[in-house]
Amino acid sequence: MAQNYEEFPTIIAQSGPLNGQRWVLNKELLIGRETDCDIIIPSRQVSRFHARLMVTPEGTHLEDLGSKNGTHRNGEIITDPVQLQDGDIIQIALTQQFVFLSADATLPLDSIQGMERETMKPSVTRLRLDLKSRRVWVLDHEVVPPLSVSQFQLLVLLYEHEGRVVDRNMLIEAVWGEEEAFGISEQALDALIRRLRDRLAGFDPQHSYIVTVRGHGLRLDNPPLD
């Protein structure tokens, strides 16, 4: 009998000792230093039982468990349980950062595992990405640890306009949102572009994917594999 697949939210470790690891949220997950935790962060800055992620019919909630060094969501310390939104950044003490991906932005677990197998197949272009799982491959090597949310948003816009120039205003609005765009400096965008270039160069130093068209913007140069 065919199995019914369910989609679950996911968290991905972005920086810290757990870099690149991911967890599917199909049950409550306990985060802490203690070996009984579901997500173990080996740092004295992290409390034995630091925080937990709870899956409810209303959504996924993050709760701090009275930790010594705090739990943050998007830079704000939490004192009560909060409901997570797609793209939220979770910070455990000053040690470990995660990004939360909602069910709408992820794939079923079996599909994710299938994609692991798919990475063994050659791609047509040097760079490819999957919007649902937010994963990126360069020369068939997955970019691990994953790109930050802002880096991925920038790359998606260029990827969707491949070969065409995207002006800087569009880039800023795609990453920071229309309401915040007015307060974002050119230097902030340049710094983000530089970090993204550095991440891609770590997997393919022979090719520059993000091309600056002076006076106009950026374009993605993503040629076919040789």
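How much area does the protein chain expose, and what share of it do carbon and sulfur atoms supply? Okay, hi everyone, let's start there. The exposed area comes to about 12,300 Å², and carbon and sulfur atoms account for 48% of that. One thing to keep in mind while you look at it: this is a predicted model.

Now, the overall build. If you go through the protein chain, you'll count four helices and 17 strands. There are 226 residues in the chain, and 44% of them are buried. And how do the contacts spread along the sequence? Take the contacts between residues at least 6 apart in sequence: 46% of those join residues at least 24 apart.

Right, on to the aromatic rings. Searching the whole structure turns up one aromatic pair. The partners are W23 and F98, and they meet edge-to-face. Their centres are 5.8 Å apart, with 75° between the planes. Where do these two sit? W23 is in strand β2, which covers residues 22–24, while F98 is in strand β11, residues 96–101, so the pair ties together parts that are 75 residues apart in sequence.

And are the two partners buried or exposed? W23 has a relative accessibility of 16%, and buried means under 20%, so W23 counts as buried. F98 is buried as well, with a relative accessible area of 0%.

Last stop, a charge and a ring. Find W137 on your screen and look for R128: the charged end of R128 sits over the W137 ring. The distance to the ring centre is 4.4 Å. That's me done, thanks!

Conventions. Residues numbered from 1 in each chain as written. Predicted model: local features only at pLDDT ≥ 70, side-chain atom pairs only at ≥ 80, totals over all residues. Heavy atoms only, no water. Helix = DSSP H or I, 4+ residues; strand = E, 2+ residues; numbered from the N terminus. Buried < 20%, exposed > 50% of the residue type's maximum accessible area, 1.4 Å probe, protein only. Contact = heavy atoms within 4.5 Å. Areas by Shrake-Rupley, 256 points an atom, 1.4 Å probe, with all protein chains shown as cover. Phe/Tyr/Trp six-rings, centres within 6.5 Å; stacked < 30°, edge-to-face > 60°. Lys NZ or Arg CZ within 6 Å of the ring centre and 35° of its normal.
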